[in-house]
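Work through the exercises below with the sequence and the model at hand. Each task is followed by a solution in steps.

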Amino acid sequence: LGWDRRHQLVFNLGVNVPLEGKPFSTKWLKTGWAANLLSQALSGLPYSPTTSTEGDIVGQEFSKNSPWNYTTDLNVSRSFNLSGLKWKAIVEIRNLFNAKNVLGWDRNQNTIDTYLDGKPGYVNDATRPNYGQNPKSGANPDAWDIPRLIRAGLAVEF
């Protein structure tokens, strides 16, 4: 079936050093840090190959697998106390290595078909500008997972 992912390798490493020492002392600067690294390798999902004419199925349904997906996420935070409250500066990086991963496929003519004639990331509709056979075509952004995303924030506990 389309959701049958055969392999999933996950590596998760977390480190937390509690905050200690007086503000701006050597001990204080070395503590209060936390980091988490999550890396995943996921085997491809099954899909049904289609042709560029009318989306006809070629061969057996769900007879091919999409490529493996690789992603690594990193979260780093620094705790500190200010005005009697515990603060935390946070940086999150999703898809750290900016891997280009295919999200999925769909034979429904109203949605994406990420594998049109073996070319990932196109809409299976000849009237669309990002259709694989159009000389001005471009990849459908809905077919791909997010590129590298960096977020920063500030949290407070009270």
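**Exercise 1. A salt bridge at the start of the chain**

Task: Find the salt-bridge partner of Arg6 and state how far apart the closest N and O atoms are.

Solution. Step 1: Arg6 forms a salt bridge with Asp4, and the closest N and O atoms are 2.8 Å apart. The model is a predicted one, so the distance is a computed value.

Step 2: The cut-off for such a pair is a side-chain nitrogen of Lys or Arg within 4 Å of a carboxyl oxygen of Asp or Glu. Side chains of opposite charge can pair when their charged atoms come close.

Step 3: Arg6 counts as exposed, at 60% relative accessibility, while Asp4 is partly exposed, with a relative accessible area of 22%.

**Exercise 2. The other pairs**

Task: Say how many salt bridges the rule gives, and work out which residues are linked with Glu92 in a network.

Solution. Step 1: The count comes to four salt bridges.

Step 2: Arg94 forms one of them with Glu92, where the closest N and O atoms are 3.5 Å apart. Arg94 is partly exposed, with a relative accessible area of 21%, and Glu92 is partly exposed too, at 23%.

Step 3: The side chain of Arg151 also meets that of Glu92 in a salt bridge, at 3.2 Å from N to O. Arg151 lies in strand β9 (residues 149-157) and Glu92 in strand β6, so this pair ties together parts that are 59 residues apart in sequence. Arg151 is partly exposed, with a relative accessible area of 42%.

Step 4: Glu92, Arg94 and Arg151 are therefore linked in a network of salt bridges, given the 4 Å cut-off.

**Exercise 3. The helix**

Task: Locate Lys27 and list what it contacts, leaving aside neighbours within four places in sequence.

Solution. Step 1: Lys27 lies in helix α1 (residues 26-30). Lys27 is partly exposed, with a relative accessible area of 49%.

Step 2: With neighbours within four places left aside, Lys27 is in contact with Glu20 and Gly21.

Step 3: The contact with Glu20 includes a polar one between the two side chains, at 3.3 Å.

**Exercise 4. Elements and strand pairing**

Task: Give the order of the elements from the N terminus, then describe how β2 pairs with β1 and with β5.

Solution. Step 1: The protein has one helix and nine strands. Their order from the N terminus is β-α-β-β-β-β-β-β-β-β.

Step 2: Strand β1 (residues 8-16) and strand β2 (residues 33-42) run antiparallel and are joined by nine bridges. Gln8 has Leu42 of β2 as its bridge partner.

Step 3: β2 also pairs with strand β5 (residues 69-82), in the antiparallel sense, over 10 bridges. Here Asn36 has Asn75 of β5 as its bridge partner.

Step 4: For contacts between residues at least 6 apart in sequence, 56% join residues at least 24 apart.

**Exercise 5. The surface**

Task: Name the residues of the nonpolar surface patch and find the element that gives the most to it.

Solution. Step 1: The protein exposes about 10,400 Å², of which carbon and sulfur atoms supply 56%. Of the 158 residues, 28% count as buried.

Step 2: The patch is formed by Phe11, Leu13, Val15, Val17 and Trp33, with about 450 Å² of accessible area together.

Step 3: β1 gives the most to the patch, with three residues. In a regular strand the side chains alternate between the two faces of the sheet.

Step 4: Trp33 has its place in strand β2 and is partly exposed, with a relative accessible area of 39%.

**Exercise 6. Positive phi**

Task: Are Ser83 and Asn95 buried or exposed, and in which loops do they lie?

Solution. Step 1: Most residues other than glycine have a negative phi.

Step 2: Ser83 has a positive phi, near 55 degrees. Ser83 lies in the loop between β5 and β6 (85-94) and is exposed, with a relative accessible area of 72%.

Step 3: Asn95 has a positive phi of about 55 degrees although it is not a glycine. Asn95 is found in the loop between β6 and β7 (112-116).

Step 4: The relative accessible area of Asn95 is 3%, which is under the 20% cut-off, so Asn95 counts as buried.

Key
Residues numbered from 1 in each chain as written. Predicted model: local features only at pLDDT ≥ 70, side-chain atom pairs only at ≥ 80, totals over all residues. Heavy atoms only, no water. Pairing = 2+ DSSP bridges. Helix = DSSP H or I, 4+ residues; strand = E, 2+ residues; numbered from the N terminus. Buried < 20%, exposed > 50% of the residue type's maximum accessible area, 1.4 Å probe, protein only. Contact = heavy atoms within 4.5 Å. Areas by Shrake-Rupley, 256 points an atom, 1.4 Å probe, with all protein chains shown as cover. Patch = residues over 30% accessible without salt bridge, like charges linked within 9 Å, V, L, I, M, F, W, Y side chains within 5 Å. Polar contact = N/O pair within 3.5 Å; in protein donor to acceptor, adjacent residues only side chain to side chain.
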